[in-house]
Amino acid sequence: MKVKVIFFAVFFGAILFSACGSRTSGNKQVFHYNEATGIATLDPAGAKNQSIIWAVHQLYNTLVETDDNLMIVPSLAYSWDVSADRKVYTFHLRPGVFFHDNEAFPQGKGRRLTAFDVEYSFNRIIDPTTASSGAWIFNDRVDDDHGFKALDDSTFQLTLKVPFAPILGLLSMQYCSIVPKEVVAKYGADFRSHPCGTGPFKFRAWEEGQAMILQKNENYFEHDSTGKRLPYLDGLKITFYDSKATEFLLFQQGKLDFINDIDPSFKDEILTKKGQLRKDWQGKIILSKHSYLNTEYLGILMDKDNPLLQNSPLRIKQIRQAINCGFDRRKMIMYLYNSKGMPAESGFIPAGLPSFDSSVVKGYKYDPVRARELLRMAGFPDGEGLPEIKLLTIPIYSDIASFIARQLEEVGIKVQVDVIPKSLLLEHTAKSEALFFRGSWIADFPEAENYLSVFYGNNPAPPNYTRYNNPQFDALYDKAMVTENDSLRYKLYQQMDQMVIDDAPVVPLWYDEVIRLVRPNVKNFHANGLNLLELRHTYLDK
């Protein structure tokens with residue numbers, strides 16, 4: 001099989017993918033990008049990080065998906081009904097959707113997708129033998145006896161134990177991609193490198209550590225507004241250079257169509273401190289910026305029974321609040337991140353979600369006078385008698401931690417920055433052994449519940465790393481989960497977010513942004529809050 005893969009990589013790559021420049025020679029449109037971290041699997045059950053999610057998104061479809069505004073829209077299901085008790089979701093599947101051709105099918109031709117494929121795919125996620133990192137999606141949420149059921153070929157039913165308003169958001173995750181049983185059975189563990197879905201592109205070849213080839217699915221079911229079948233591109237070539245410097249050089253040479261994010265080593269060469277393209281780059285490349293559902297923060301352990309907190313000043317709310325308003329988020333983002341992101345001066349829920357409203361949820365701005373007043377109220381005027389506080393962080397965020405420590409010292413709060421490996425920090429936070437720590441929370445799906453679950457008292461660590469426990473917050477959370485009306489649920493989210501900010505178990509730092517450098521000839525290539533790689537409408541202008 002390896003010989004076959006290499007053959008395709010050489011043959012197909014030489015014919016279709018090796019053209020340089022605009023790479024549209026021979027009327028073939030091939031999109032190139034590099035994945036520095038590699039791709040571990042093409043099995044949706046293992047879609048746990050961005051590199052896998054991007055590739056899986058090209059090969060598979062889900063029942064529902066998110067649009068550019070992060071709203072849930074139809075995909076394989078063209079409509080759905082919800083029962084009066086909001087526990088039963090009945091999905092009606094599109095006709096005429098076919099899996100990619102595969103040797104596992106009769107005569108090698110892809111067969112039509114049915115509701116039984118949905119039932120199989122979801123049961124596969126929760127099957128312990130699959131060992132899916134996405135099993136948590138359905139754990140303790142789906143009815144044990146009749147959770148997943150195909151009523152007929154075109155109708156699928158999902159039954160919950162209790163109402164859970166964000167369930168559609170969960171179903172839009174790549175874990176919930178629909179796979180064919182025959183192909184999984186044929187390849188077993190090797191399904192990771194023999195994917196078969198219904199997506200806009202189909203698998204062609206993969207030489208691990210070198211490149212991956214995906215080819216246009218000529219039978220893809222979606223069309224544009226003029227009736228033209230999607231996608232427009234003829235294929236993708238993904239390279240795996242692990243050097244960001246090499247990646248940037250290839251982009252400069254026109255051999256890559258875009259770069260996701262800017263490596264810190266050359267951000268100052270490309271961006272001004274205000275986050276704009278420097279003059280040398282204007283007209284040569286396009287800078288694309290979009291809100292990204294990621295909140296960077298500092299966490300504070302809140303478990304009063306934990307010995308670490310017994311004699312710590314962080315047990316006092318005014319001290320936590322003083323830290324929140326004792327440093328300048330705007331200056332921090334401008335000088336250390338070239339304005340990549342938005343200062344987190346509202347809640348923990350990031351900009352980009354529909355429930356975000358900075359006029360409703362009031363966070364902390366830089367106010368050294370207020371910080372000193374809070375210290376005085378806590379019994380430490382000008383910081384006198386206040387013990388030094390240790391902040392745990394990881395190497396790539398040491399500059400951020402040092403900036404915050406310097407500014408907090410000016411108001412009377414002494415912080416010792418302790419830089420440790422990421423694996424050790426994760427271990428400390430999971431075991432509630434970190435009193436004050438750097439963290440980030442990236443959305444799994446486009447719903448504020450994903451962020452508020454971080455503070456739900458019944459949740460362990462993760463996600464509740466701070467061990468925050470507030471019965472009032474939990475009551476609002478439970479109410480929100482059974483509130484079907486979006487507007488009413490968003491108001492509950494905002495109340496919870498403000499409650500967290502007032503209690504200050506976290507110090508929000510900034511709301512992240514997707515930054516992409518794009519070649520000028522790449523058209524209809526848009527970023528979104530989940531930073532999905534969306535290529536169905538993308539094309540290359542000659």
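## The β6–β7 pairing and its sheet

In this predicted model, strand β6 and strand β7, the latter spanning residues 155–159, are joined in the antiparallel sense by four bridges. Within that pairing, Ala150 has Phe156 of β7 as its bridge partner. Both strands belong to an open sheet of four strands, which has the order β4-β5-β7-β6 and antiparallel pairing. The edges of this sheet are taken by β4 (77–82) and β6 (148–152), and because each has a single partner strand, one side of each is left without a neighbour in the sheet. On average, and with direction ignored, neighbouring strands here are turned by 25 degrees against each other.

Helix α3, made of residues 115–126, lies across three strands of this sheet, namely β5 (88–93), β6 and β7, and runs at about 170 degrees to β6.

## Ser132, between α3 and β6

The loop between α3 and β6 contains Ser132. Is this residue buried or exposed? Ser132 has a relative accessible area of 10%, and since buried means under 20%, Ser132 counts as buried.

When residues up to four places away in sequence are not counted, Ser132 touches Ala45, Ile125 and Tyr175. A further relation across the sequence is that of Ser132 to Ala47, for the two are 85 residues apart in sequence, yet their C-alpha atoms are 8.6 Å apart in space.

## The mixed sheet

Another open sheet is formed by four strands in the order β1-β10-β9-β8, and its pairing is mixed. Its edge strands are β1 (30–34) and β8 (201–207), each of which pairs on one side only. Neighbouring strands of this sheet are turned by 15 degrees against each other on average, with direction ignored. Helix α2, residues 50–59, packs on the sheet and touches β1, β8, β9 (211–216) and β10, while its direction makes about 135 degrees with that of β8.

The mixed character can be followed strand by strand. β1 and β10 (residues 235–239) run parallel and are joined by five bridges, with His32 standing opposite Lys237 in β10. β9 and β10, in contrast, pair in the antiparallel sense, again over five bridges, and here Ile213 stands opposite Lys237. β8 and β9 also run antiparallel, with six bridges between them, and Lys202 has Gln215 in β9 as its bridge partner. The hairpin of β8 and β9 has three residues between the strands, and in this hairpin Gly209 takes a positive phi near 85 degrees. As for the surroundings of β9, five of its six residues are buried, so this strand is largely enclosed by the rest of the structure.

## Two helices with a buried face

In helix α6, which covers residues 244–252, the buried residues are Glu247, Phe248, Leu250 and Phe251. These four cover an arc of only 160 degrees around the axis, which puts them on the same side of α6. The elements that cover the buried residues of α6 include β1, an edge strand of the mixed sheet, together with β11 (258–260), α7 (267–270) and β17 (506–518).

In helix α13, residues 422–430, the buried residues are Leu425, His428 and Thr429. Seen down the axis of α13, they fall within an arc of 95 degrees, so they line one face of the helix. This agrees with the regular geometry of such elements: an α-helix has 3.6 residues a turn, so residues three or four places apart point the same way. The buried residues of α13 pack against two strands, β14 (389–393) and β16 (436–442). Just after α13, Ser432 takes a positive phi of about 55 degrees.

## Enclosed space

How many cavities of 30 Å³ or more does the model contain? The count comes to five, and the largest of them holds about 70 Å³ of space.

The lining of the largest cavity is made up of His57, Tyr60, Asn61, Thr62, Glu65, Thr66, Ser75, Ser172, Gln174 and Leu532. Among these lining residues, His57 falls within the range of α2, residues 50–59, the helix that packs on the mixed sheet.

Note on methods: Residues numbered from 1 in each chain as written. Predicted model: local features only at pLDDT ≥ 70, side-chain atom pairs only at ≥ 80, totals over all residues. Heavy atoms only, no water. Pairing = 2+ DSSP bridges. Axes fitted to C-alpha atoms, helices over the stretch in contact; angles between N-to-C directions. Contact = heavy atoms within 4.5 Å. Buried < 20%, exposed > 50% of the residue type's maximum accessible area, 1.4 Å probe, protein only. Arc of directions from axis to C-beta. 1 Å grid on protein atoms, 1.4 Å probe; cavity = no way out; pocket = protein on both sides within 12 Å on 5 of 7 lines; lining within 4 Å. Points joined across faces, edges and corners; volume = space filled by probe spheres on them.
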